[in-house]
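The following exercises concern helix packing and sheet topology. Please attempt each task before reading its solution.

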Amino acid sequence: MGKKKAKKLLALLLTAVMLPGSAAAARQQVQANTSALASSYNTNVNYIAYATDVEDQSQTNYCWAYMADAVLESYLMKTSAVSQIDFSEWDMIRQLSSGTYAFSDLYTGGNYHQALAYWTRGSVYGPRLEADSSFTDYYVSETAELGRYQRDNQLSKQNYIQNIKNLVVSYGAAGVSVYFTAQDRMAMTKEGAYYYPEETSPGVNHGVTVVGWDDEFAPQWFYNSITTPHQPAHKGAFLVKNSWGKYDSSSIGGNTGYYWISYDNYFQDAFAVTQVVDRSKLYDYIYETDYHGLYDFASGSSYSQNYRLNGSAQWLTGFSTYVKAGANYRFYLNNQELAGCGGTMAQTGYHTFQLPNPIQVYGSLELRVEVSGNSEAVPIACSASSHVPDGNNVCLKVFTTRTPYGSTTTNPSSPSWNPSTPNDTVTGVTLTPQDCAVRAGSSQVFTATVTGYGNPSQRIDWQISGSSSQFTRIMSNGILYVGADETSDVLYLYANAFADSTQGASARIEVIKNGSSGSQAGTNPGTNSNGTVNGTPNSGTNITGTPNGTTSSGTNITGTPSGTTSSGTNINGSPNTSAQDQTNNINGSDTDNTGAGDEPIRVGTKGNGVYAVWEEDGTAQYTQCTSKTATNISIPATVKIDGEIYEVNVMDDGCIRNQKKVKTLTIGQNVAQIGEEAFYGCKQLKKIKIKSEQIEYIGEDAFRGISSKAIIYVPESCLREYRQMVRESGNMTVQVKAY
């Protein structure tokens, strides 16, 4: 039975990728599409996904360092098995302001390019950990940089806002520069909502980290007593993490360190980290002259660098440079073109090109870059003064290893070993179909194949974006089900290679609606910034998932019944008239719609749990615990909804998240998947018993934030496998024992 991975909100990828110059090097690039993102994301300041603690830059000009580290930390929490990580800003500042390759003027401020220089140096490299300034193995190999928009062009700004959202959802967070002074913060904010008119903004002077947004954030929530106008003209705001300490009285709640920043502010230089690799796997030797990073792009059609190699023969594994969106790059090693490495860049940023086949080099080498398609795409290196270029020096680094694997050992005895080809290297993913139409309430099968050298894993990480329905989902076997209540016109499906998440393919799905289905929005459907709904009962959807009022007051997005007297609510907003297990019909009535192409799915409440059930295969998904006082939670093997029995084989993302009272948990014998953040923040959870012997997947951060004394008991036959899955989900310390 295929597991049904619960959907999660994703954005369209904006990584600085090569548009395919060859089939082996192909990577999909999808243009931004406003309909593919929700109107709000990560809005609960008490729980910010993929964010580390707020820090305090004190009375310094180093906001850029705190912003940059926050972006990198969020990326690692989003994409790696890291539940928490804290890098040292002061190590970055010390390394950049003292020593052989120091900047002379960082005391006046900086930007993320200085941080990127620190992250990517081979000499005195970072990032280092806050606790003891110890080295890490992280190498920031790619970034996405948005530059600036046209201040007098509203469409340009709207696209800029959209692209920031894409970066946040895809990579955890985005850094951005704004005009914001600590001295005037009280006069510029109202209860943590900050506004300074774009038309009068003197520029930017402060870096913050964007972690979420709310397109419906009302203008009246802002007030800047210094400016005219005092409030923005348009609704909408970013939620940002600042670096003036957690107990900043001007921040949201006066003790969070987070702010809402109006879309009507001026901001620029948005960026995100989009790929991190292991230094130890990338190079043994790094050859560079651009220790201070990028100054700016200059005009020209080519640039090059000569390097004298240390020691004996080495293997060239890759190189890096700064690239410009729209520019086409061709690379030459000692006047011989490197096939498969060039192409037109989709995104500006730092980019590392890893060779599909390492090349043996001796003595010295020349790397030359030919640029076309953009008249100003030559990356000029910065000097010790951050405002001055380093002559004609360019940003171009070369990576070599002692062996073709980047380690001190090889495996020449392996039958498939080839000194010029790494084993099991992923080069791409093919996906069919890539453009299709699917009727709401029906399914479509997709086939994905991982291509590469050796025998790369065929495991696919399926993801979907653009959906408005909690029932639209993609299974691990590539079967897409489109919820009968799906209102989006277009969905985007991503098939990423699990072994290399940078390699993937995408598909566009047009949704065919089953007629019109209105939504009873009630008397005042507007949404407050804190996630509560304005108005009276019957007021529509609550963002945070708490019930609206005490009568039949609409549907909350988690699928739990809204109110206490109604027998349930169907997804399009009208109340059910019967009282059968508080069941919510997707199709808008109390009877099954089983016409051609429809897949009847229901949501039902049993005990303290909410379940989604699939009649097609007789299975159910545990979606939420409705009791905030439960101390013991048991996920049954089966659940009875409307007289039918369903196997419970999926625990949804965040289904028991932040249950402060729960101490013990039993997981039934049919569960095959535990979703992301399933038990996140259950601080009192000390005993977990897993009866199932068929768990295939444990989502990221599923056990993060549970009691430090917790013990997970599992079947003896599954001990090794389950322990590894728990560790890979992000909890490296919890005990996993056999019972």
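Two strands count as paired if DSSP finds at least two bridges between them. The structure shown is a predicted model.

**Exercise 1.** Determine which residue in S44 is the bridge partner of Ile711, and place S44 within its sheet.

Solution.
- Step 1. Gln735 of S44 is the bridge partner of Ile711.
- Step 2. Strand S43 (residues 711-714) is joined to S44 by four bridges in the parallel sense.
- Step 3. The order S36-S39-S41-S43-S44 describes an open sheet of five strands with parallel pairing.
- Step 4. Strand S36 (632-635) and strand S44 (735-738) form the edges, each pairing on one side only.
- Step 5. On average, neighbouring strands of this sheet are turned by 15 degrees against each other, direction ignored.
- Step 6. Helix H7 (residues 719-729) packs on the sheet, where it touches strand S41 (687-690), S43 and S44. The direction of H7 makes about 165 degrees with that of S44.

**Exercise 2.** Describe how helix H1 and helix H3 pack, beginning with the angle and the distance between their axes.

Solution.
- Step 1. H1 (residues 63-79) and H3 (residues 112-120) pack at about 60 degrees, and their axes lie 8 Å apart.
- Step 2. H1 and H3 are therefore oblique to each other.
- Step 3. Their crossing is right-handed.
- Step 4. From H1, the residues Trp64, Met67, Ala68, Asp69 and Leu72 meet Tyr112, Gln114, Ala115 and Trp119 of H3.
- Step 5. Sorted by class, this contact of H1 with H3 comprises seven nonpolar residues, one polar and one charged.

Conventions: Residues are numbered from 1 along each chain as its sequence is written. This is a predicted model: local features need pLDDT of at least 70, side-chain atom pairs count only at pLDDT 80 or more; totals for chains, interfaces and linings use all residues. Side-chain values use heavy atoms; hydrogens and water are left out. Axes are lines fitted to C-alpha atoms, for helices over the stretch in contact, and angles run from 0 to 180 degrees between N-to-C directions. Helices (H or I, at least four residues) and strands (E, at least two) are DSSP runs, numbered from the N terminus. Angles under 35 degrees count as roughly parallel, over 145 as roughly antiparallel, 65 to 115 as roughly perpendicular and the rest as oblique. A crossing is left-handed if the near helix is turned anticlockwise from the far one by less than a right angle, and right-handed if clockwise. Contact means heavy atoms within 4.5 Å. Ala, Val, Leu, Ile, Met, Phe, Trp, Tyr, Cys and Pro count as nonpolar, Asp, Glu, Lys and Arg as charged, and the others, Gly among them, as polar.
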